[in-house]
Amino acid sequence: MDKKLFLVLAVCLASLPAAAAVPAEDRPIAVLRMLDKITARVEELDIPAERPFKFGTLMITVRACKVTPPEETPEAAAFVEVGEIKPGEAEASVFRGWMFASSPALSAMEHPVYDLWVTGCKNAATR
């Protein structure tokens, strides 16, 4: 192999990001941050898994919340389902999927009034 090609290949490989840590440890409570764009109110919400939580017109249900082990790069991910309840209408699905604390824009909830993102997961005893 040509020496220049080898050096270019080595530099390219060195610049690749390391494999991302995969959250594997379950936690019973998701920590979500909610922004009401109309009032500019930001709230941190502790939502237990499998318990629907109403915020404004939204119904938020966390199905799972996982973190990486302590020896890994810190990461938290939550599988969240969000529905909107409007007066006189059936609940409409707004978002369903995984949210990642380190990359909130990767899987964002798009809504005209609210922004929602995961900031972490915790046990009931931690704050």
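**Exercise 1.** Find how the side chains of Glu25 and Arg27 meet, and classify the exposure of both residues.

*Solution.*
Step 1. The two side chains form a salt bridge, with N to O at 3.2 Å. The term means a side-chain nitrogen of Lys or Arg within 4 Å of a carboxyl oxygen of Asp or Glu.
Step 2. Glu25 has a relative accessible area of 27%, so Glu25 is partly exposed. Buried means under 20%, exposed over 50%, and partly exposed in between (1.4 Å probe, protein chains only).
Step 3. Arg27 is partly exposed too, at 23%.

This is a predicted model, in which local features need pLDDT of at least 70 and side-chain atom pairs count only at pLDDT 80 or more, while totals for chains, interfaces and linings use all residues. Residues are numbered from 1 along each chain as its sequence is written, and side-chain values use heavy atoms, leaving out hydrogens and water.

**Exercise 2.** Treat the pair Arg41 and Glu43 likewise.

*Solution.*
Step 1. A salt bridge joins their side chains at 3.1 Å, N to O.
Step 2. Arg41 is partly exposed at 40% relative accessibility. Glu43 is partly exposed at 27%.

**Exercise 3.** Place the salt bridge between Arg96 and Glu81 in the fold, then find its network.

*Solution.*
Step 1. The closest N and O atoms of Arg96 and Glu81 are 2.9 Å apart.
Step 2. Arg96 lies in strand β7 (residues 92-100) and Glu81 in strand β6 (residues 76-84), so the pair ties together parts 15 residues apart in sequence. Strands are DSSP runs of E, at least two residues, numbered from the N terminus.
Step 3. Arg96 is exposed, at 61%.
Step 4. Salt bridges with shared partners link Glu50, Arg63, Glu81 and Arg96 into one network.

Key. Helices (H or I, at least four residues) and strands (E, at least two) are DSSP runs, numbered from the N terminus.
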